[in-house]
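Trainee: I have a model open and want to learn how to read it. Can we go through it feature by feature?

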Amino acid sequence: MLLKKAIKGIQLRHYYFSFTLNLFFCFFYLQLSSQIKVQYDPKIIPIEFAVSKLETSFGKKNKIVRIQDSFLKADIRVSVNAKSGIPKEGYNIQRREDEIIISSSDATGAMYGVFELAEQVRSGIALKNIKEKKQQPKFSVRAVKFNLPWIPYRVGPAMSAHENICKDLNFWKSFIDELALNRFNILSLWNVHPFAFMVKPKNFPGANDFTDTEMENWKLLWTSIFRMCRERGIEVFIVNWNIAVTPEFAKHYNVKERNDTSEIVKRYTREVVTQVINEYPDLSGIGITLADWMSNFQGAGNSLPTM
C-alpha cells in the first residue's frame, strides 16, 4: 500500500513538472516570436512576392500576418495609387505613429519599397527604427541581355553547355527573382529564330519537327517565363536575327536558312510573328537585331557574312 502511494505521488509530481515545463516553453516562445501585420491587396502579385521576401528577412522570430482590410490596424501598409504623383517605379517609405506606410503609383514601385524595407530589416534595423525614404529610378531602362542556346548566333561548347539548364523552370524562377531583387525591369531573350520553338506555324508545319508533346513543353516553358517576369514587374522581349529560318523550314520548303527574301519566307515570317503575339499575351514585345546580313548590306562582288 505504501509503495503504491509512493509511486502515485511520483507520477503526480512528474505530470505537474511536465505541465509547468510546457507552460514555460509556450510563454518563452511567445516572448521570442511576435506577429507583424502587413496590410495590402493580395491580388497585386508583385507586392505579394515582395512580402514573401520580407517574411524571410524577419526570420522565425516574427510571423507576418497578411491583412486585406485597410480599416484594420496594421504595422506595415502597402498602397498603390496611380494619382499619388510618385514617379513610375518609385516609392515612399514613411512613419505614421506606430505604422510604416509604403506608397507608390504602381505595383512595381510598391514591390521595390517592400524590398527596401526587407533589406533594412535584414541588416539588423528594428521595425521601430526603419528609416524613411523617397526613391525613384535614375534610369528608366534597366535591362539584361540573355543569349538562348537553341539556334544560337554561333556554335560551340559555350552555347550548348547550358541547353538543359535553360529548359529548367527552377533555374528561370531563381534567375527572374534575382532580376527583380536587383531592380532590373527588362529581360531580353536573344536567339537567331525563336519563333519555331514557340508555336507550330499553322500554315507552315514543316518549320519544326517537334511532336505535339514536345511543343506543349516548349509552350509551358515560354508561358511560365513570361508570366514570372510579369509578376515581378519585368518586361520581357524576344530578339531575333533577321532574315533567318530553321534548318527544318529551309529543307522542307526549299529555301536558304539565311537572307532568303523569297515570297514564301516573307509570308511565313509575317504569319509566325503574328501567331506568337496572339498566343503569348505576357510577351512585352519583339526586337530585331541591326547586326544582321540582309541583302541591302551587300555590295557588288561582296559575299554576305555568315553567322
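Trainee: How many helices and strands does the protein chain have?

Mentor: The protein chain has 8 helices and 10 strands. Helices (H or I, at least four residues) and strands (E, at least two) are DSSP runs, numbered from the N terminus. This is a predicted model: local features need pLDDT of at least 70, side-chain atom pairs count only at pLDDT 80 or more, and totals for chains, interfaces and linings use all residues. Residues are numbered from 1 along each chain as its sequence is written, and side-chain values use heavy atoms, with hydrogens and water left out.

Trainee: What share of the residues is buried?

Mentor: Buried means under 20% relative accessible area, exposed over 50%, partly exposed in between (1.4 Å probe, protein chains only). Here, buried residues make up 42% of the 307 residues.

Trainee: How do I read a sheet? What is the strand order in the one with 6 strands?

Mentor: Strands of a sheet pair through backbone hydrogen bonds, either parallel or antiparallel. Two strands count as paired if DSSP finds at least two bridges between them. This sheet is open, ordered β2-β1-β3-β5-β4-β6, with mixed pairing.

Trainee: Which strands stand at the edges?

Mentor: β2 (62–67) and β6 (133–135). Each has a single partner strand, so one side of each is left without a neighbour in the sheet. Neighbouring strands are turned by 20 degrees against each other on average, direction ignored. Inside the sheet, β3 (residues 76–80) and β5 (residues 99–104) pair in the parallel sense over 5 bridges. Ile76 stands opposite Ile100 in β5.

Trainee: Which strands does helix α2 touch?

Mentor: Helix α2 (residues 45–58) packs on this sheet and touches β1 (34–39), β2 and β3. Contact means heavy atoms within 4.5 Å.

Trainee: What is the pairing in the sheet of 4 strands?

Mentor: Parallel, in an open sheet ordered β7-β8-β9-β10. β7 (143–147) and β10 (285–288) are the edge strands, each pairing on one side only. β8 (residues 186–190) and β9 (residues 235–240) are joined by 5 bridges. The bridge partner of Leu189 is Ile238 in β9.

Trainee: Now a helix. Which residues of α6 are buried?

Mentor: An α-helix has 3.6 residues a turn, so residues three or four places apart point the same way. In α6 (residues 212–230), the buried residues include Met215, Trp218, Leu221, Trp222 and Ile225. Their cover includes α5 (169–181), β8 and β9.

Terms used:
Axes fitted to C-alpha atoms, helices over the stretch in contact; angles between N-to-C directions. Expected span 1.5 Å × (residues − 1).
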